[in-house]
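Okay, thanks everyone for squeezing in. I'll put the sequence and the structure up on the screen, and then we'll walk through it together.

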Amino acid sequence: MLLLDEVTGLVTGQRLTATRTAVAGEPWGPAPLVESWCQAAGVLALHGTDPAPGRVLLLGAVHGAELAGAVAPGDVVEHRVTLSRADPGSAVLTGESVVDGRVVLLVRRVVVAVREREAADG
């Protein structure tokens, strides 16, 4: 499920902002909020790279994700993602999600990896 509406700012290899409007009937508890932020992180991690066909982006770990507020239907969630470190096969990202200037999610560290599809399936 795609949990991003729009990328609103992007500096390749540095930072990204993206939005998602919370819709009535969709769950917007901690897990979907973190998933939406991680999708934004994946866009930043892969932007400007040329991954070979058959490779996939995997979420490796989430450390220090703290829910700091609620998201209600109609809220526009702005994800702010910063790339802390990148290697050819992995990246470390950090950031936050805000609604109307208030932080609703703080992410201390997320690790993603690019792997061959066969290795990811095994």
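Let's start at a single glycine. Just after helix H1, Gly 48 takes a positive phi of about 85 degrees. Keep in mind as we go that this is a predicted model.

So, back up into the helix itself. H1 covers residues 30-46. Does its length make sense? What should 17 residues span at 1.5 Å a residue? The expected figure is 24 Å, and the end C-alpha atoms of H1 sit 24 Å apart, so the two agree.

Now, how many residues of H1 are buried? Twelve of the 17, so the helix is mostly covered, with under 20% relative accessible area as the cut-off for buried. Among those buried residues are Leu 33, Trp 37, Ala 41, Leu 44 and Ala 45. You'll also find some polar names in there, including Ser 36 and Gln 39. And what's doing the covering? Strands S1, S2, S3, S4, S5 and S6 are included in what packs over the buried residues of H1.

While we're on a helix, one reminder. An α-helix has 3.6 residues a turn, so residues three or four places apart point the same way.

That takes us to the core. The largest nonpolar core has 25 residues, and H1 gives the most to that core, with eight residues. Strands S2, S4, S5 and S6 each give two or more as well. Which members touch the most other members? Those are Leu 33, Trp 37, Val 71, Val 81 and Leu 93.

Let's zoom in on two of those. Leu 33, leaving aside neighbours within four places in sequence, is in contact with Trp 28, Leu 67, Val 71, Val 77, His 79, Ser 97, Val 104 and Leu 105.

The other one is Leu 93, over in strand S5. Leu 93 has 0% relative accessibility, so it counts as buried. If you skip residues up to four places away, the contacts of Leu 93 include Trp 37, Ala 41, Leu 44 and Ala 45, which are buried residues of H1. Leu 93 also touches Val 81, Thr 82, Leu 83 and Ser 84, and then Arg 108, Arg 109, Val 110 and Val 112. Compare that with His 79: 14 residues from Leu 93 in sequence, and 12 Å away C-alpha to C-alpha.

Step one residue along S5 and you hit Thr 94. Buried or partly exposed? Partly exposed, because its relative accessible area is 23%, and the buried cut-off is under 20%. Thr 94 touches Trp 37 too, along with others including Arg 80, Val 107 and Arg 108. Ser 84 is another contact; Thr 94 and Ser 84 are ten residues apart in sequence, with 6.8 Å between their C-alpha atoms.

There's a threonine in S2 as well, Thr 19. Thr 19 comes out as buried because its relative accessibility is 13%. Away from its sequence neighbours, Thr 19 touches Leu 4, Asp 5, Glu 6 and Thr 8, plus Val 76, Val 77 and Glu 78.

Now the loops. Asp 100 is in the loop between S5 and S6. Asp 100 has a positive phi of about 50 degrees, although it's not a glycine. Its relative accessible area is 76%, so Asp 100 is exposed.

Over in the loop between S3 and S4 there's Ala 72, which is partly exposed at 36% relative accessibility. Ala 72 and Trp 28 are 44 residues apart along the chain, yet their C-alpha atoms are separated by 7.3 Å.

For a contrast, take Glu 116 in S6. Glu 116 and Asp 100 are 16 residues apart along the chain, and their C-alpha atoms are separated by 40 Å. Glu 116 counts as partly exposed, at 35%, and its contacts beyond four places in sequence are Gly 54 and Arg 55.

Last stop, the largest pocket. About 230 Å³ of space lies in there. The lining is 19 residues, and nearest the centre you have Ala 45, Thr 49, Asp 87, Pro 88 and Val 114. H1, S3, S4, S5 and S6 each give two or more residues to that lining. What's the chemistry of the lining? Twelve nonpolar residues, five polar and two charged.

And one link to finish on: Ala 45 is among the residues nearest the centre of the pocket, and Ala 45 is also one of the contacts of Leu 93. That's my tour.

How values were computed: Residues are numbered from 1 along each chain as its sequence is written. This is a predicted model: local features need pLDDT of at least 70, side-chain atom pairs count only at pLDDT 80 or more; totals for chains, interfaces and linings use all residues. Side-chain values use heavy atoms; hydrogens and water are left out. A nonpolar core is a set of buried Ala, Val, Leu, Ile, Met, Phe, Trp, Tyr and Cys residues joined through side-chain atoms within 4.5 Å. Buried means under 20% relative accessible area, exposed over 50%, partly exposed in between (1.4 Å probe, protein chains only). Helices (H or I, at least four residues) and strands (E, at least two) are DSSP runs, numbered from the N terminus. Contact means heavy atoms within 4.5 Å. The expected span of a helix is 1.5 Å times one less than its number of residues. On a 1 Å grid over the protein atoms alone, a cavity is a set of points where a 1.4 Å probe fits but cannot get out, and a pocket is an open set with protein on both sides within 12 Å along at least five of seven lines; lining residues have an atom within 4 Å of a point. Grid points are joined across faces, edges and corners, and a volume is the space filled by probe spheres set on the points.
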